[in-house]
Amino acid sequence: MADSELGFGWINDKQFLSYSFSVQKNRLKREPRWTWLRIMLLVLGSICGAWLFDYLYNNNDLMEVFARQTEILDGKVVEVQCSEDYDSYQRFAGCTPVKCGRAVTDSVVNREEAEKMLSIARRGLSLGGSDGGASILDLHSGALSMGKQFVNIYRYFGEKVKELFTAEDFRLYSELRWRIQQRVADTFGIDPNVLHLTKPTFFSRMNSTEAKTMHDEYWHPHIDKVTYGSFDYTSLLYLSDYKADFGGGRFVFVDEHVNSTVEPRKGRISFFTSGSENLHYVEKVERGTRYAITVSFTCDPAHAVDDPTLP
């Protein structure tokens, strides 16, 4: 094949070698610059990617606020399609959810009553508390977080419990539970008398302390009906205020397109049907202390529990 077909017919061998060396030398000079440029582009791409991920998944503007702390709601209700979770359990006509949804109200419990419930929670939790960021107190079973485990306050502390609580504390607890039960029943179109309080029903205290056990990791999405088979309706009474008393710690409903948040307000009740139509979690508390009480209801009388009483 003639040299002209390669494009070098007009130079001799010595010139060709000189030309090739010059090209190689210029290439070597340029390569370090291109290498650094590629590295810089990769680093910038990684930073932008991480920022975009953080923005998409953590930017509050991308979440729908279902109930703001500053709002006073008489009753805000959103219906959602019921999941099939309830088909795995015995159904109770007139009680098992056929109308599903979520709701928030600030008109059932006033702030003074919520303050009294907060006092009960603080007094009980003063006996112990988790080493991690989440502690519970269940006045029905007596369960109290203690370090990395749980103790029964009625057995462990005996007569000291009577010094902490009064008959009036338990009367208020029972009165507010009944009011919540009535509102849940009215919202979902059932007779309140076919609903039953079930376990666990408990006070919770959350702060920013690092988790020490799985019981401290409250921020994982979960389904109440899956976690506790007896649950049919779940309610939460908030005993502290978002932003004023703590940061983070919002209640989040996980939905297909956009998550929906409830900002706790002292005396606010958030309630919902307990199936996977209401997958949810609580954001990590970033500062301060978040108090609430979970009050759960079942349609199955075999799983009913009584209101707690002073020993």
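Q: Which residues does L139 touch, once residues up to four places away in sequence are left out?
A: This is a predicted model, and in it L139 touches I120, I153, Y154, F165, F170, Y173, F203 and P308. Each of these has heavy atoms within 4.5 Å of L139, so each counts as a contact.

Q: What makes the largest nonpolar core a core, and which residues have the most contacts inside it?
A: The label needs buried nonpolar residues joined through side-chain atoms within 4.5 Å. The largest such set has 43 residues, and M117, L139, I153, F165, L195 and F203 have the most contacts inside it. At least two residues apiece come from α2 (111-125), α4 (160-164), α5, β8 (196-206), β9 (233-238), β13 (269-273) and β16 (290-298). Helix α5 gives the most, with eight residues. There's also a second, separate core of 18 residues, which includes A67, A134, L236 and F272.

Q: How do you know that the length of α5 agrees with what a helix should span?
A: Set the expected span against the model. At 1.5 Å a residue, the 22 residues of α5 (167-188) should span 32 Å, and the end C-alpha atoms are 32 Å apart, so the two agree. Right after α5 comes G189, with a positive phi near 70 degrees.

Q: Which residues of α5 are called buried?
A: Buried means under 20% relative accessible area. In α5 that label goes to D169, F170, L172, Y173, L176, R177, I180, Q181, V184, A185, T187 and F188. Across the 311 residues of the protein chain, 44% are buried.

Q: Why is β9 called largely enclosed by the rest of the structure?
A: Just count: six of the six residues of β9 are buried, so the rest of the structure largely encloses this strand. Both faces are covered, with Y233, S235 and L237 buried on one side and T234, L236 and Y238 buried on the other. In a regular strand the side chains alternate between the two faces of the sheet.

Q: How do you know that β9 pairs with β13 and with β16?
A: Pairing takes at least two bridges. Five bridges join β9 to β13 and six join β9 to β16, so both count as pairs. Both pairings run antiparallel. Want a residue to look at in each? T234 has F272 as its bridge partner in β13, while S235 stands opposite V295 in β16.

Q: What makes β1 and β14 edge strands?
A: The open sheet of four strands runs in the order β1-β12-β11-β14, with mixed pairing. Both β1 (64-67) and β14 (280-282) have a single partner strand, so one side of each is left without a neighbour in the sheet. From one strand to the next, the twist averages 30 degrees. In the same sheet order, β11 sits next to β12. These two strands, at residues 251-253 and 260-262, pair in the antiparallel sense over three bridges, and F251 has V262 as its bridge partner.

Q: Why is V254 called partly exposed?
A: V254 has 25% relative accessibility; buried stops under 20% and exposed starts over 50%, so partly exposed is the label. V254 lies in the loop between β11 and β12. Leaving out residues up to four places away, V254 touches N259, L279, H280 and Y281. The C-alpha atoms of V254 and P221 are 7.7 Å apart, with their positions 33 residues apart along the chain.

Q: How do you know that C82 and C100 form a disulfide?
A: The two sulfur atoms must be within 2.5 Å. For C82 and C100 the S to S distance is 2.0 Å, so the pair qualifies. The angle about the S-S bond is 105 degrees, and the link is right-handed. C82 is in the loop between β2 (76-80) and β3 (100-105), and C100 is in strand β3, 18 residues apart.

Q: Why do C82 and C100 get different burial labels?
A: C82 has 24% relative accessibility, so it counts as partly exposed. C100, at 1%, counts as buried.

Q: What makes C95 and C299 the other disulfide, and which hand does the link have?
A: Their S to S distance of 2.1 Å falls within the 2.5 Å cut-off, so they count too. This link is left-handed, with -80 degrees about the S-S bond. C95 sits in the loop between β2 and β3 and C299 in the segment after β16, 204 residues apart. Both cysteines are buried. The structure holds two disulfides, in the pattern 1-3, 2-4 when bonded cysteines are counted along the chain.

Terms used: Residues are numbered from 1 along each chain as its sequence is written. This is a predicted model: local features need pLDDT of at least 70, side-chain atom pairs count only at pLDDT 80 or more; totals for chains, interfaces and linings use all residues. Side-chain values use heavy atoms; hydrogens and water are left out. The expected span of a helix is 1.5 Å times one less than its number of residues. Buried means under 20% relative accessible area, exposed over 50%, partly exposed in between (1.4 Å probe, protein chains only). Axes are lines fitted to C-alpha atoms, for helices over the stretch in contact, and angles run from 0 to 180 degrees between N-to-C directions.
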